[in-house]
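Reader: I would like a close look at one part of this model. Please take the backbone first, then the side-chain contacts around it.

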Amino acid sequence: VYASSDLADLWARADLICVCVPRLPTTLGMIDAAAFAAMKPSALLVDVSRGGVIEPEAAIKAMQHGQIAGAAFDVFFEEPLPAESAYWKLPNTIISPHASAVYEGWDIASFDMFLDNLGRWRNGEPLQNIVDPDRGY
């Protein structure tokens, strides 16, 4: 485990980069042209974070010029992804519709979490999975 300040030294070592951070002022544009330039040509990138963590222009150029071997994007700065977006024409790219968190039974699990929190609220107990506006997520 490394601090975000260490990322510049880690890009060149990674075979697979999975981006799964919240969109905060500190993560916006975290993966930029310099990060792509430092990555191995054999690296794979998976983005399941929030749109804006990866700079769109940098990602498109990196994929167009073969700076990395491939990518899977589940999130985009602009959603839904416009039909004219260059992302659709990128080589070695998988695009999914911001659905990486969806799994069989997710709807029932979400409802169960709601019912659990409703019971906790009624009993004056601490709630689970709370959004903290001060943290940004």
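**Asn92 and its surroundings**

Author: Start with Asn92, which is exposed, with a relative accessible area of 56%. The model is a predicted one. Asn92 sits in the loop between β3 and β4. Its backbone stands out: Asn92 has a positive phi of about 50 degrees, yet Asn92 is not a glycine. For background, most residues other than glycine have a negative phi, and most peptide bonds are trans.

That loop holds a further backbone feature. Pro80 also lies in the loop between β3 (70-73) and β4 (93-95). The peptide bond leading from Glu79 into Pro80 is cis. Its omega is near -5 degrees.

Now move along the chain to Asn129. Asn129 is another non-glycine residue with a positive phi, here near 60 degrees. Asn129 is placed in the segment after α4 (106-122). Is this asparagine buried or exposed? Asn129 counts as exposed because its relative accessible area is 62%, and the cut-off for exposed is over 50%.

Next, the stretch that follows β4. Tyr103 is found in the loop between β4 and α4. With a relative accessibility of 46%, Tyr103 is partly exposed. Tyr103 joins Val102 and Trp106 in a nonpolar patch on the surface. Together these three residues have about 320 Å² of accessible area.

Then the charged contacts. Side chains of opposite charge can pair when their charged atoms come close. How many salt bridges does the structure hold? There are two.

One is in helix α4. Arg120 pairs with Asp116, and their closest N and O atoms are 2.9 Å apart. Both residues lie in α4, four residues apart, which is about one turn of the helix. Asp116 is partly exposed, at 37% relative accessibility.

The Lys40 salt bridge has Asp15 as its partner, with an N to O distance of 2.7 Å. This pair links distant parts of the chain, with the two positions 25 residues apart in numbering. Lys40 is in the loop between α2 (33-38) and β2 (44-47). Asp15 is in the loop between α1 (7-10) and β1 (16-19). Which exposure class does each partner fall in? Lys40 is partly exposed, at 25% relative accessibility. Asp15 is partly exposed too, at 49%. Asp15 therefore misses the exposed class, which needs over 50%.

Back to the starting point. In the loop between β3 and β4, look at Asn92 for its positive phi, and at Pro80 for the cis bond from Glu79.

How values were computed. Residues numbered from 1 in each chain as written. Predicted model: local features only at pLDDT ≥ 70, side-chain atom pairs only at ≥ 80, totals over all residues. Heavy atoms only, no water. Buried < 20%, exposed > 50% of the residue type's maximum accessible area, 1.4 Å probe, protein only. Patch = residues over 30% accessible without salt bridge, like charges linked within 9 Å, V, L, I, M, F, W, Y side chains within 5 Å. Areas by Shrake-Rupley, 256 points an atom, 1.4 Å probe, with all protein chains shown as cover. Salt bridge = Lys/Arg side-chain N within 4 Å of Asp/Glu carboxyl O.
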